[in-house]
Amino acid sequence: MHHKLLIASLALSGFASLAAPSQTAAETLEERGAYLVEGPAGCGNCHSPIDDTGNPVLGQNLAGRFVIEMPEFTAYAPNITPAGAVGTWSDAELARAIREGLRPDGSLIGPPMPFSMYRGLSDTDLSAIVAYLRTLPPVENTVPLSDYKIPLPPAYGPPVDTVADIPRGVTVDYGAYLAGPVAHCLECHTPFGPTGPMLDTDLGRGGLIIEGPWGISIASNITSHADGLAEYSDGEIADMVTKAQRPDGSPMLPPMPYPYLARMTEDDLAALILYLRTIPPLPDVD
Ligand code: HEC
Ligand code: HEC
């Protein structure tokens with residue numbers, strides 16, 4: 001079954017990709033957070049205002065915007081600079097909101113923020129994201145409240161007490177961490193069932209239909225099947241993920257966060273591709 005999203009406007013081209021220096025041991029928590037938020041996690045793909053051409057509005061980084069309209073809900077991503085509600089939350093409260101979807105008042109943050117994935121963010125990376133958000137210039141911008149016509153569950157799961165770091169490196173394990181908790185590739189690229197992406201049975205199989213001003217895009221099969229990525233070289237996969245370019249030169253549509261993914265370090269991109277090669281083969285959803 002296809003789950004249909006109607007997305008009004010997600011960044012297509014973004015700002016030019018920055019050179020991605022390799023991370024060093026001297027990296028601070030804020031630097032790690034900046035790398036994640038502005039790079040592979042791409043929070044701004046939903047939270048940063050964009051202009052008519054789909055580019056982020058200068059000086060409004062992460063200040064909130066309209067994200068999606070669907071039959072079930074209309075979603076706005078709030079201002080997450082210190083001028084937004086998050087400015088009044090403690091670090092622990094902000095961390096819980098990002099990883100578990102619970103605001104300090106006990107209300108649940110709704111979709112499409114990818115909580116099935118963010119629940120796996122490590123303690124260190126979660127603290128790094130919070131530390132970086134605290135350093136953002138406060139930008140005054142208020143977006144309307146989201147309107148959910150469906151009841152949200154009481155929670156996305158039991159409380160998450162602690163998640164250990166996955167050691168960084170060009171390994172399948174770290175690639176899986178990037179594809180899941182950090183960059184939520186697997187949320188868009190796995191078909192939705194009644195309770196969310198069907199990760200146990202249809203991991204990476206594609207088929208999600210996403211509608212926006214660009215028309216309709218269908219999330220591709222990214223398993224190791226011939227319908228998926230089997231026929232592509234590593235370089236070709238890297239170009240699709242970071243440059244929105246297929247080997248035949250045809251452009252790729254939003255809302256995949258290409259400009260953010262382009263800021264991944266070479267090692268992270270290599271780990272990600274190493275992991276994609278291990279996703280069990282599945283044919284396209286028919
Ligand atoms: C796919 C789109 C999407 C992505 C990616 C996303 N968010 Fe969100 N986020 C939303 C939406 C939509 C809401 C509001 C939902 C609602 O109104 O209940 C939200 C809510 C929030 C809130 C609650 C703020 C408040 O004032 O209630 C925080 C904090 C937050 N996001 C942080 C982040 C961070 C940090 C990242 C990146 C690690 C991120 N989000 C990535 C869509 C997204
Ligand atoms: C917000 C949803 C979204 C996220 C997040 C996302 N993608 Fe995609 N992806 C898509 C859509 C939609 C397409 C199809 C675009 C088109 O056909 O023009 C696509 C296409 C692709 C393709 C092209 C495959 C082919 O055969 O054409 C690859 C490879 C890919 N994505 C990998 C990834 C990886 C790896 C990540 C995480 C780092 C990721 N995607 C994150 C939505 C997403």
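**Polar contacts of ligand 2.** I began with Tyr232 and found that an N or O atom in its side chain sits 3.1 Å from an oxygen atom of ligand 2; the model I am reading is a predicted one. I then looked up Arg246, where a side-chain N or O atom is 2.7 Å from an oxygen atom of ligand 2. Leu253 contributes through its backbone instead, with an N or O atom there lying 2.7 Å from an oxygen atom of the ligand. When I asked which elements give two or more residues to the shell around ligand 2, I noted H7, strand E8 (215-218), H9, H10 and helix H11 (266-276).

**Shell of ligand 2.** I counted 24 residues around ligand 2, of which Cys185, Cys188, His189, Arg246 and Met256 come nearest. Sorting the shell by class, I recorded 19 nonpolar residues, four polar ones and one charged one.

**Iron site of ligand 2.** I next looked up which protein atoms serve as donors to the iron atom of ligand 2, and these are NE2 of His189 and SD of Met256, at 2.0 to 2.1 Å from the metal. The two residues bring distant parts of the chain together, since His189 belongs to the loop between helix H7 (185-188) and strand E5 (192-193), whereas Met256 belongs to the loop between helix H9 (234-243) and helix H10 (258-261), 67 residues apart. The site has six donor atoms with angles of 87 to 179° among them, and I entered its geometry as octahedral. Is His189 buried or exposed? I noted it as buried, because its relative accessible area is 10% and the cut-off for buried is under 20%.

**Shell of ligand 1.** Turning to ligand 1, I found 25 residues surrounding it, with Cys43, Cys46, His47, Met113 and Ser146 the closest. By class, this shell holds 20 nonpolar, four polar and one charged residues. I listed helix H2 (44-47), E3, helix H3 (91-100) and helix H5 (123-135) as elements that each supply at least two residues of the shell, and E3 gives the most, with three residues.

**Polar contacts of ligand 1.** For His47, I recorded an N or O atom of the side chain at 2.9 Å from a nitrogen atom of ligand 1. Arg103 places a side-chain N or O atom 2.8 Å from an oxygen atom of ligand 1, and a polar side-chain atom of Ser146 lies 2.7 Å from an oxygen atom of this ligand.

**The sheet that includes E3.** As E3 had come up in the shell around ligand 1, I followed this strand into its sheet, which is open and made of three strands in the order E2-E3-E4 with antiparallel pairing. Its edge strands are E2 and strand E4 (147-148), each of which pairs on one side only. How many bridges link strand E2 (residues 65-69) with strand E3 (residues 73-77)? I noted four bridges, in the antiparallel sense, and a hairpin of three residues that joins E2 to E3. Going through the partners in E3, I matched Ile68 with Ala75 and Glu69 with Thr74.

Technical notes
Residues are numbered from 1 along each chain as its sequence is written. Chains are lettered from A and ligands numbered from 1 in the order in which they are written. This is a predicted model: local features need pLDDT of at least 70, side-chain atom pairs count only at pLDDT 80 or more; totals for chains, interfaces and linings use all residues. Side-chain values use heavy atoms; hydrogens and water are left out. Donors are N, O and S atoms within 2.8 Å of the metal (3.2 Å for Na, K and Ca); water is not among the atoms, so sites may look incomplete. Four donors count as tetrahedral if all angles lie between 85 and 135 degrees; four count as square planar and six as octahedral if opposite donors are over 155 degrees apart and all others between 65 and 115; anything else is irregular. Buried means under 20% relative accessible area, exposed over 50%, partly exposed in between (1.4 Å probe, protein chains only). Two strands pair if DSSP finds at least two bridges between them. A residue is near a molecule or strand if one of its heavy atoms lies within 4 Å of it. A polar contact is a pair of N or O atoms within 3.5 Å; within protein, one must be able to donate a hydrogen and the other to accept it, and residues adjacent in sequence count only if both atoms are side-chain atoms. Ala, Val, Leu, Ile, Met, Phe, Trp, Tyr, Cys and Pro count as nonpolar, Asp, Glu, Lys and Arg as charged, and the others, Gly among them, as polar.
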